[in-house]
Amino acid sequence: MITQIKAFEGGYCRQLLGMIDGRSWRMVRFQAVFFALRHEREGWVLIDTGYGTSFKEATRSFPARFYRWATPATQAGSVKTMLAGAGIDAREISHVIVTHFHADHVGGLAEFPQAKIHFHAEALQTLQRLSPVRQVHGAFLSKLIPDWLPDRANVISPTSFAPTADLPFLLHDLFGDGSIGLVPLPGHAPGQLGVVFNASTGPQLYVADAYWRGCQITRNVEPVGLAMAMQWDANAYRQTVNQLRAVYQHGRYTITACHDDGASAYLNGLGVESAIKP
Ligand SMILES: [Zn+2]
């Protein structure tokens, strides 16, 4: 059972909205939203970490400096401090789910050496095999990955996901109790995962960066070529977005994306839940 939800804005970068909807000539903030779910047995489970405090240091030298130039980021500070502001002691974070290893999702990972870190088997290995230049193109900064990660990792095998009755995605039941489900949402980054859980208002599907803005789902807009070129696998990305449009049309799940307008306010407004059906 999930008993509490707290969401945070872990820094941001600015993007031209027209990159996504093809028409709006204004800059918008892409907040790096992350959130915590309180599981009644497992304690606080963090989903991503935002930029953390190491982004500037990790992009000091080349080729990583190109990343900072392409997406100048404003850090929000220590994740621990943000959690403390919401009444969560960082030592109580027993699990971190990494949706994918882009810098704006794992920048604060090093602050949680006591936690078990959950991620898809393809998420990290695929990026670590790339050359340093290709890694930066893939929005991956190896300096943000703590040395202790292999000892704390729960690497989730593709074979541990099973079909679900009410979603067009496979699902991995993280704690075996139906409280938190992980669903592969391929395309944006290798092994990207979404998170399924229940709130008092109904079932929730958090898709991380499977899409960036709601207009991609509600108005069938596709990002411009430059933005599509930033996706790991554009064809898989399109297929995932189409599946999410179907979920949206069906109306059972509320879908939230990390960088969408109002994402943290929405997540913070969610209440208590009952168990999901895997
Ligand atoms: Zn991303």
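**A guided look at helices and strands**

Trainee: Which residue in β12 is the bridge partner of Asn198?
Mentor: Good place to begin, and keep in mind that this model is predicted. Strand β11 covers residues 193–199 and strand β12 covers residues 202–206, and the two run antiparallel, joined by 5 bridges. In one of these pairs, the partner that β12 offers to Asn198 is Pro203.

Trainee: In what order do the 6 strands of the open sheet lie?
Mentor: A little background helps: strands of a sheet pair through backbone hydrogen bonds, either parallel or antiparallel. Here the pairing is mixed. Following the open sheet across, the order is β8-β9-β10-β11-β12-β13.

Trainee: Which strands stand at the edges of that sheet?
Mentor: Look for strands with a single partner, so that one side of each is left without a neighbour in the sheet. That describes β8 and β13.

Trainee: How many residues are in the hairpin connection from β8 to β9?
Mentor: First find the strands: β8 is residues 162–163, β9 is residues 170–173, and they pair in the antiparallel sense over 2 bridges. Ala162 stands opposite Leu171 of β9. Between β8 and β9, the hairpin link has a count of 6 residues.

Trainee: Which residue in β10 stands opposite Asp173?
Mentor: Strand β10 is residues 181–184, and 2 bridges join β9 to β10 in an antiparallel arrangement. Across from Asp173 you will find Gly181.

Trainee: Is strand β6 largely enclosed or largely open to the outside?
Mentor: Strand β6 is residues 116–120, and 4 of its 5 residues are buried. It also has strands paired with it: 3 bridges join β5 (residues 93–97) to β6 in parallel, and 4 bridges join β6 to β7 (residues 153–156), also in parallel. His118 of β6 stands opposite Ile97 and also opposite Asn154 in β7. Because 4 of the 5 residues are buried, the rest of the structure leaves β6 largely enclosed.

Trainee: How far apart are the end C-alpha atoms of helix α11?
Mentor: Let's predict it before we check it. Helix α11 has 17 residues (234–250), and at 1.5 Å a residue it should span 24 Å. The end C-alpha atoms agree with that expectation, at 24 Å.

Trainee: Which residues of α11 are buried, and over what arc around the axis do they lie?
Mentor: The buried ones are Tyr237, Thr240, Val241 and Leu244. They sit on the same side of α11, which follows from an arc of only 100°. An α-helix has 3.6 residues a turn, so residues three or four places apart point the same way. To recap, the residues are Tyr237, Thr240, Val241 and Leu244, and the arc is 100°.

Trainee: Which elements are included in what covers the buried residues of α11?
Mentor: Start from the face of α11 turned away from its buried side, where Asn235, Asn242, Ala246, Gln249 and His250 are exposed. The buried residues themselves have a cover that includes α9 (215–218) and β13 (254–256).

Trainee: What radius of gyration does the protein chain have?
Mentor: The chain has 12 helices and 13 strands, and its C-alpha atoms fill a box of roughly 45 × 40 × 35 Å along the principal axes. Buried residues make up 44% of its 278 residues. A compact globule with 278 residues would have a radius of gyration near 19 Å; the chain's value, which agrees, is 17 Å.

Definitions and conventions
Residues are numbered from 1 along each chain as its sequence is written. This is a predicted model: local features need pLDDT of at least 70, side-chain atom pairs count only at pLDDT 80 or more; totals for chains, interfaces and linings use all residues. The expected span of a helix is 1.5 Å times one less than its number of residues. A residue is buried if 20 or more other C-beta atoms lie within 10 Å of its own, exposed if 12 or fewer, and partly exposed in between; C-beta atoms are placed from the backbone. The arc is that of the directions from the helix axis to the C-beta atoms. Two residues are in contact if their C-beta atoms, placed from the backbone, lie within 7 Å. The radius of gyration is taken over C-alpha atoms; the globule rule is 2.2 Å times the number of residues to the power 0.38. Two strands pair if DSSP finds at least two bridges between them.
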